[in-house]
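These are my notes from a session with one model, kept in the order in which I looked things up. I began with a loop residue and worked outwards from there.

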Amino acid sequence: MNLNVVIVGHVDHGKSTLIGRLLYDSESITEGRVEEIQRLAEEYKKRFEFAYFIDSFDDELKEERTIDTTGVMFKSKDNYYSITDVPGHKEFIKNMLTGASHADVAVLVVAADEGIREQTGRHAFLIHMLGIKQIFVVVNKMDTVDYKEKVFQDTRDKISQLLASFDYQYVQFIPASALEGDNIYKTSKQMDWYKGPTLVQALDGVMISTKSMPLRFVVQDTYNVDSEKVIVGRVESGTLRRDDEVIFQPSNVRGKINKIKIFDGEPQEAKMGDSVGIVVNGEVKRGDVCGLVGVPPTPTKEFLGEAVLLENKLRNGDKLELRCGTGKVQCEIKEIKEKINSETGEVVEKHPAEIGENEAAIILFATEPLVVEKFSEIPELGRFVLVKNKNIGAGVVLEAGK
Ligand code: GTP
Ligand code: MG
């Protein structure tokens, strides 16, 4: 099984160190790489730290913090893992929305010596908004509190309270030290009062459901190749097969898949995640979504979404650009239904006149015809970005609408 894990948590609580530890203890990184990173670290007259395994870009060493989402792979006894590290800083929340989009589970890192901080709550909220159902909490830096059970218990109780408001019923808490290697990959000898799994054991126990979804092929572009018109795009869900009868929306073009093309051949089918070219008769364009005639994509003019505003303000009636998949349309804020505190998930106001920076809201959007899907079902078509000269917010589709 391949599990996508996103690591979140407040600045400096140890996310990068934790990933470095996972890679190191699972022997996923070569000695060469360790040496290369050690050399880099020395150049900057730094103490060698595990965080450098993934924060090993020159700029980051100078800045000493993660500046972009970083993806790494590692293998445990049972599973392959793709791990995404998200920066702990407020201004990077948008990256996090993209970084976390494919995550099956989240690991929330909370330093034992600091406890819950601003971004602990914000990230928990975003994880919940992205529909991630399973979350593991690593109470990190236990070495700084003498591995005391009482500190772990107190921290756990506070985080439990926070997570309860996001509907996380069962959460696994793991006391750990990423720096010393306690309970990340190896069982700690310092905390014999803890009888639960290490982080890797907990992750190895995760089951993910793979519900099958209808075909959605997102059109990126069209090209003329050898007098053939090739439509290039990506299968975001389901399977695309030769001879399938399909429909493209919002262009409302119906056709048959004559050919599927990849760089070195013409396969019979393409699966979720595959980027392919297809040959269909009919005029389609970037932004179109293709599905089978029996379960077609539906262009919508209205949908309900949950969005976080990173800057600027939004009021009822505001007009701006909305991007979803490869689609780019004008939209209107038809109705702000509820304002939500992005640190606690609580509804703070019904029908507010406006929302501001760092605030979240449930919003009814009116748009030019566009194909969107419920985020929890087809994430790639259920996530959108709001643009007013630049990206000012991002969100997920709750109800695809009509
Ligand atoms: P950002 O990417 O900036 O959000 O930080 P981060 O969460 O990735 O934290 P990082 O892994 O860079 O660690 C921050 C500091 O905490 C570094 O100096 C680490 O060495 C230290 N640290 C991380 N984990 C532990 C731990 O378990 N114990 C102790 N004592 N220090 C730790
Ligand atoms: Mg980091």
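**Entry 1, a loop.** I looked up Lys-141 and found that it is partly exposed, with a relative accessible area of 25%. Lys-141 sits in the loop between E5 and H6, and its phi is near 60°, a positive value in a residue other than glycine. In the loop between E5 and H6 I also checked Asp-146, which has a positive phi of about 55° although it is not a glycine. Asp-146 is exposed, its relative accessible area being 57%.

**Entry 2, confidence.** Before going further I noted that this is a predicted model, with a mean pLDDT of 84 for the protein and 84% of its residues at 70 or more. Among the elements, helix H3 (residues 58-63) has the lowest mean pLDDT, 51, whereas E6 has the highest, 97. I marked residues 88-92 for caution, as pLDDT stays under 50 there, and I recorded that the model has 17 contacts for them beyond four places in sequence.

**Entry 3, overall make-up.** I counted seven helices and 24 strands in the protein. Of its 402 residues, 52% count as buried. Among contacts with a separation of 6 or more, 69% are accounted for by residues 24 or more positions apart.

**Entry 4, helix H6.** On which side of H6 do its buried residues lie? I listed the buried residues of H6 as Phe-152, Thr-155, Ile-159, Leu-162 and Leu-163. They cover an arc of only 90° around the axis, and therefore they fall on the same side of H6. The face turned away from that buried side carries the exposed residues Lys-150, Lys-158 and Gln-161. I then asked what the buried residues of H6 pack against, and found strand E4 (105-111), helix H5 (118-129), strand E5 (134-140) and strand E6 (172-175). As for its length, H6 (residues 149-164) has 16 residues and reaches 22 Å from its first C-alpha to its last, close to the 22 Å expected at 1.5 Å a residue.

**Entry 5, helix H5.** Since H5 is one of the elements against which the buried residues of H6 pack, I turned to it next. Ten of the twelve residues of H5 are buried, so this helix is largely enclosed by the rest of the structure. Among the buried ones I noted Gln-119, Arg-122 and His-123, together with Ala-124, Phe-125 and Leu-126. H5 reaches 17 Å from its first C-alpha to its last, which is close to the 16 Å expected at 1.5 Å a residue. The helix is followed by Gly-131, whose phi is positive, near 80°.

Within H5 I singled out Thr-120, which is buried with a relative accessible area of 0%. Not counting residues up to four places away in sequence, Thr-120 touches His-10, Leu-108, Val-110, Gly-115 and Leu-162; Leu-162 is one of the buried residues of H6.

**Entry 6, the nonpolar cores.** I wrote down as background that nonpolar side chains tend to be buried together in soluble globular proteins. Here the largest nonpolar core has 61 residues, and those with the most contacts inside it are Val-5, Leu-18, Val-107, Val-137 and Leu-163. The largest share of this core, six residues, comes from E4. The core draws at least three residues from each of domain 1 (2-204) and domain 3 (299-400). I also logged a second, separate core of 21 residues, which includes Leu-322, Cys-324, Ile-333 and Ile-355.

I followed Leu-163 a little further: leaving aside its neighbours within four places in sequence, Leu-163 is in contact with Ala-124, Ile-135, Val-137, Tyr-168 and Val-171.

**Entry 7, helix H1.** How many of the residues of helix H1 (residues 15-25) are buried? I found that ten of its eleven residues are, so I entered the helix as mostly covered. The buried residues of H1 include the polar-named entries I checked by hand, Lys-15, Arg-21 and Asp-25, as well as Leu-18. Just after H1, Glu-27 takes a positive phi of about 55°.

**Entry 8, a cis peptide.** My last entry concerns the bond joining Gln-249 and Pro-250, a cis peptide bond with omega at about 5°. Pro-250 lies in the loop between strand E10 (245-249) and strand E11 (253-256).

Methods. Residues are numbered from 1 along each chain as its sequence is written. Chains are lettered from A and ligands numbered from 1 in the order in which they are written. Side-chain values use heavy atoms; hydrogens and water are left out. Helices (H or I, at least four residues) and strands (E, at least two) are DSSP runs, numbered from the N terminus. The expected span of a helix is 1.5 Å times one less than its number of residues. Buried means under 20% relative accessible area, exposed over 50%, partly exposed in between (1.4 Å probe, protein chains only). The arc is that of the directions from the helix axis to the C-beta atoms. Contact means heavy atoms within 4.5 Å. pLDDT is the predictor's confidence in each residue, from 0 to 100. A nonpolar core is a set of buried Ala, Val, Leu, Ile, Met, Phe, Trp, Tyr and Cys residues joined through side-chain atoms within 4.5 Å. Domain bounds come from an automatic or database domain assignment.
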